[in-house]
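Let's take a friendly walk through this pair of chains and the place where they meet. Have the structure open as you read.

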2 protein chains.
Amino acid sequence: MKRVLHITPLLLLSAILGGSGLGQDVQLTAPTKSGGLPLLDALAKRATTRAFDSKDLSDRQLSTLLWAAFGVNRPDGKRTAPSANNKQATDIYVLLKTGAYVYDAHANKLVQVLADDVRSLGATQTFATNAPVILAFVADLSKLGNGNEESKPNTANVNVGYISQNVYLYCASEGLATGARGSVDRKALGPRLKLRPDQLIVLAQSVGYPKP
Amino acid sequence: MKRVLHITPLLLLSAILGGSGLGQDVQLTAPTKSGGLPLLDALAKRATTRAFDSKDLSDRQLSTLLWAAFGVNRPDGKRTAPSANNKQATDIYVLLKTGAYVYDAHANKLVQVLADDVRSLGATQTFATNAPVILAFVADLSKLGNGNEESKPNTANVNVGYISQNVYLYCASEGLATGARGSVDRKALGPRLKLRPDQLIVLAQSVGYPKP
């Protein structure tokens, strides 16, 4: 008889000491990879919301949100959103009450970069910082451009549009509220996230329950 | 008793003389706005394909593809993909065997700009021009930027990423093949589509049945 280890999502999301030396990494719950609203219904409900309840997402919702956004959907490591020349040059920084993390899609893990709540820097409009989750889409310009400096910001932006639309559709399917915006306090947030000069915050996107 | 006019999709797609003076516009069949694969299953199947069969899409598939991409999904005229400041500054040019058209989402119509088949200009890689439908996503820079010239190309690109991901997911749901690319012969295609200097071809995306 096999022994089965029962772990609740809450326990799975409890921080485990990470190997990065940066702090406490979080092993995410397994994402849900099937189901949800029929695609065309999700498209019919796709909308930007600007008022959020502060209620947290469940562990499963958070891991599924990230998988939907830019998770690995094939054995060869390819992703739910395309990227120019498959460079996968976008990182999702996840700003939560407990800190800021980078989503490691291959390990289904959040790698902690900061133990502080910096959600207030993820938006210049206060409505958006009340959300329990703020995603900051960060382009790694060193991976882009094929030697063409000029095309790098364009590629960075189109890559992020793909990912951000996945977030919109997952939220439409799940009854969550979301809104993306270019208005991010880049000068303040970049250093707190320990970004290198060739990392560019393209957009931020709030995710939460709609305000009742 | 109400008289019901029965019109087959084929008849609906037959060209009607347009009011634009540019040629024959096409009133599209009503798109399907519900159903399809569950969202997470569509995300699991999202992929780029590079080999297409030349078989045409059905009229309903073409209109649903365009609605999914950037159709009107709310009574106030908002769309299935967000756009910076709701400027809706992206036009979808649709390259078919019968000609090139602009998608009018509000009228669910294709407005003809050219009666020639210019699909071969929609890709610099020949694999992609075999597809029955090539979408060219064109930014109207005159509607963008809020006075900030520098941010216009960034905004144009992120806007197109949103729309292109909708196309990827519709194709995943419908069993169609699709691939987007930046490699478009802009110098040749722009004048054929009668683009103004402030219109920018951001990406092109082929759509068709997968090669058997």
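## No salt bridges between the chains

A good place to begin is with charge pairing: the rule finds zero salt bridges across the interface of chain A and chain B. Please keep in mind that this is a predicted model.

Polar contacts are another matter. Across that interface, 26 residue pairs are in polar contact, both partners having pLDDT 80 or more. On the side of chain A that touches chain B, the residues divide into 19 nonpolar, 15 polar and six charged.

## How much surface is buried

The size of an interface is often given as the accessible area lost when the parts come together. Here chain A and chain B bury about 3,100 Å² between them, and 59% of that area is on carbon and sulfur atoms. Within chain A, L39(A), L40(A) and Y162(A) lose the most area to chain B, together 22% of what that side buries.

Counting contacts, 40 residues of chain A touch 40 residues of chain B. Three helices of chain A each supply at least two residues to this side: α2 (39–45), α3 (59–70) and α4 (152–174). The top contributor is α4(A), with 13 residues.

## A closer look at S164(B)

Across the interface, the side chain of Y162(A) has a polar partner in chain B: the side chain of S164(B), at 2.6 Å. S164(B) belongs to helix α4 (residues 152–174) of chain B.

Is S164(B) buried or exposed? S164(B) has a relative accessible area of 0%, so it counts as buried, the cut-off being under 20%. Leaving aside neighbours within four places in sequence, S164(B) is in contact with Y162(A) from the other chain, and with F137(B), A180(B) and Q205(B) from its own.

## How the two copies are related

Chain A can be superposed on chain B by a rotation of 180° with 0.0 Å of shift along the axis, giving an RMSD of 0.0 Å. That is the relation of a two-fold axis. Because 100% of the interface residues of chain A are also interface residues in chain B, the copies meet through the same surface.

## Inside chain A

Turning to the fold of a single chain, chain A has five helices and eight strands. Along the sequence they follow the pattern α-β-β-α-α-β-β-β-β-α-β-α-β.

Chain A has 212 residues, and 53% of them are buried. Among contacts in chain A with a separation of 6 or more, 69% join residues 24 or more positions apart.

Key. Residues numbered from 1 in each chain as written. Chains lettered and ligands numbered in written order. Predicted model: local features only at pLDDT ≥ 70, side-chain atom pairs only at ≥ 80, totals over all residues. Heavy atoms only, no water. Contact = heavy atoms within 4.5 Å. Buried area = accessible area lost by both parts, 1.4 Å probe. Salt bridge = Lys/Arg side-chain N within 4 Å of Asp/Glu carboxyl O. Polar contact = N/O pair within 3.5 Å; in protein donor to acceptor, adjacent residues only side chain to side chain. Helix = DSSP H or I, 4+ residues; strand = E, 2+ residues; numbered from the N terminus. Nonpolar A, V, L, I, M, F, W, Y, C, P; charged D, E, K, R; others polar. Buried < 20%, exposed > 50% of the residue type's maximum accessible area, 1.4 Å probe, protein only. Least-squares fit on C-alpha atoms with pLDDT ≥ 70 in both.
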